Structures are given as structure tokens and as C-alpha cells.
Amino acid sequence: MTHAERVAALEVVASEVRACTRCRLHETRTLAVPGEGSPDTEVVFVGEGPGFNEDRQGRPFVGRAGDLLTKFLATLRWKRDEVFITNIVKCRPPDNRDPEADEIAACAPYLKRQLEILDPALIVTLGRHSLGRFMPGERISQAHGTIRPVDPESGATSAMAFALYHPAAALRTPDIERTSYADVARIPAALLESRARREPAEAVPVPVPVPATPVSAAITSSAAVAVAAPPETIPDTPPDPEPDFTLF
Ligand code: URA
Ligand code: SF4
């Protein structure tokens, strides 16, 4: 697909999402939140579902959890509009309750189509629900900071998934926040690993660490990869299970 075709195809999905009534979440939403970002990116972040602010604005990760996600990206010198950010369910669950299995299933075709269009190398899962989709059966306390091939059924035909705690969990628990910064610092290496798996012949070994590089460069050049400053300390295994991300 060309850039223009991806833009158009993503907009078709987004307009269907905005009008969607496939599950009960449409009854209580203000605005559906299709997701946003670069149509040309190699990296897609998948959260759980819109919260209060996202529901008001129709945009993903614009509240406090979003501010932390933006900071995580900044440690890699990545900007929000250089990646794609979306959610497992596109409408806010009332009172930020967990999305239910039938709601997740009803919404899944939208995420699947987004991933088919974007064909990312790396899917960064944010929290338990997104983890459950891309690394079924894994526990967040074990899986965070690790990478796995994703099932092509997800729509991402040759992507790997890299797990993070939900940023809202990091906001609530300093240990999880520290762990998350350490995990985020591993995202560039995860991207390289996934690229190497997709294009074994073209993969170039990369000296690590290198100075932080804008994501546009990091994404288009196998030789330049942003590496975050290492955290002062890497904490012991954080508490299990991850707390609910409900904040508002
Ligand atoms: N939490 C999520 O999982 N997604 C958002 O878009 C905002 C908060
Ligand atoms: Fe449709 Fe997904 Fe919103 Fe449910 S959560 S109404 S399936 S867009």
C-alpha cells in the first residue's frame, strides 16, 4: 500500500468506528476513539480503552496516562505523531471499568484492520488487556519488557509484540514506573529484532548504544536506533498482579 492508500484506508476504519454501534459501549460513550498517528510507522502502541479525557476529545492517551506515555516516547526521542496509538476497545467503558470479553470481541475487527493497513514491525502492548490479545496466557509481571512473535490472525502479519505495564499502573506505583522506563529503553532493540526477523537478508547488526535519534531516522534506518538513557536503578520484580488502571 502507498502512503495515500494507508491514509485513506485508516480514515475508512476511523469513520466506521465513530459511528459504530456493535457493542453496548456505544450507548455511554461521548466520542469513539479510533486511534491516531503516522500511517507510515513501524511501531503501534495498543492500550486498553479510552478514559474520561479520551472520551471527551475523541483522541487516545490524552489524560495523565497519556502524558506519561508521551514522556516514555520522549526518552527515545520519539514523538506521538511518529508512532500509531490506539486501543483494544475504541469506546470508553463506563466508570473506566475493564472492557468485557464480548466488547473486546466486537471491537477486534477494527484493530485488526488497522494492523493490516499499518503492517507494523512492533506492537507495544500497554497493560493486561492488550497483552492478553497479543501474548495470550502471559502474565504482565513476567511478560513486561519481553518480546514475542504475534499471531498473524491479529492482522499484523509479521509483527512482534513487546509488553509494557499500562502507564496508568506506572502512575500509581513508583516501582512500576521505574520498571517501565527500563522496559521502554529496550523498545529500540525490540524493533531491531523484529526487523531482522522480517527481513533477515537486509538486517544490519547495530552497535548499541548509540546517541538518541529521531524516530523518523530510527525507523527508516537500520543503522540508527534511539536508545534511552538507562534508569539509575532497575528495581526487583514489581508487584503482581498489575493494579487496575482505573484512575478517574
Ligand atoms: N488508557 C488507555 O488504555 N487508553 C487510552 O487511550 C487512555 C488511557
Ligand atoms: Fe463499536 Fe468498538 Fe465502540 Fe463497541 S467499543 S461500539 S465495537 S467501536
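**View 1. Strand S4 (residues 122-126) in its surroundings.** In this predicted model, five of the five residues of S4 are buried, so the strand is largely enclosed by the rest of the structure. Burial here means under 20% relative accessible area.

**View 2. The two faces of S4.** In a regular strand, side chains alternate between the two faces of the sheet. Leu122, Val124 and Leu126 lie on one side of S4. Ile123 and Thr125 lie on the other. All of these residues are buried, and both faces are covered.

**View 3. S4 beside strand S2 (residues 43-47).** S2 and S4 pair in the parallel sense. Four bridges link them. Phenylalanine 45 stands opposite valine 124 in S4. Val124 is also one of the buried residues of S4.

**View 4. S4 beside strand S6 (residues 160-164).** S4 and S6 run parallel and are joined by five bridges. Leucine 122 faces this partner, standing opposite methionine 160 in S6. Leu122 is buried, on the side of S4 that also holds Val124 and Leu126.

**View 5. The largest pocket and its lining.** The space in the largest pocket is about 210 Å³. Its lining is made up of 15 residues. Glu11, Ala14, Gly35, Glu36 and Phe84 lie nearest the centre. Helix H1 (3-18) and strand S1 (36-37) are the elements that give two or more residues to this lining. H1 supplies the largest share, five residues. By class, the lining holds seven nonpolar, four polar and four charged residues.

Definitions and conventions: Residues are numbered from 1 along each chain as its sequence is written. Chains are lettered from A and ligands numbered from 1 in the order in which they are written. This is a predicted model: local features need pLDDT of at least 70, side-chain atom pairs count only at pLDDT 80 or more; totals for chains, interfaces and linings use all residues. Side-chain values use heavy atoms; hydrogens and water are left out. On a 1 Å grid over the protein atoms alone, a cavity is a set of points where a 1.4 Å probe fits but cannot get out, and a pocket is an open set with protein on both sides within 12 Å along at least five of seven lines; lining residues have an atom within 4 Å of a point. Grid points are joined across faces, edges and corners, and a volume is the space filled by probe spheres set on the points. Ala, Val, Leu, Ile, Met, Phe, Trp, Tyr, Cys and Pro count as nonpolar, Asp, Glu, Lys and Arg as charged, and the others, Gly among them, as polar. Buried means under 20% relative accessible area, exposed over 50%, partly exposed in between (1.4 Å probe, protein chains only). Two strands pair if DSSP finds at least two bridges between them.
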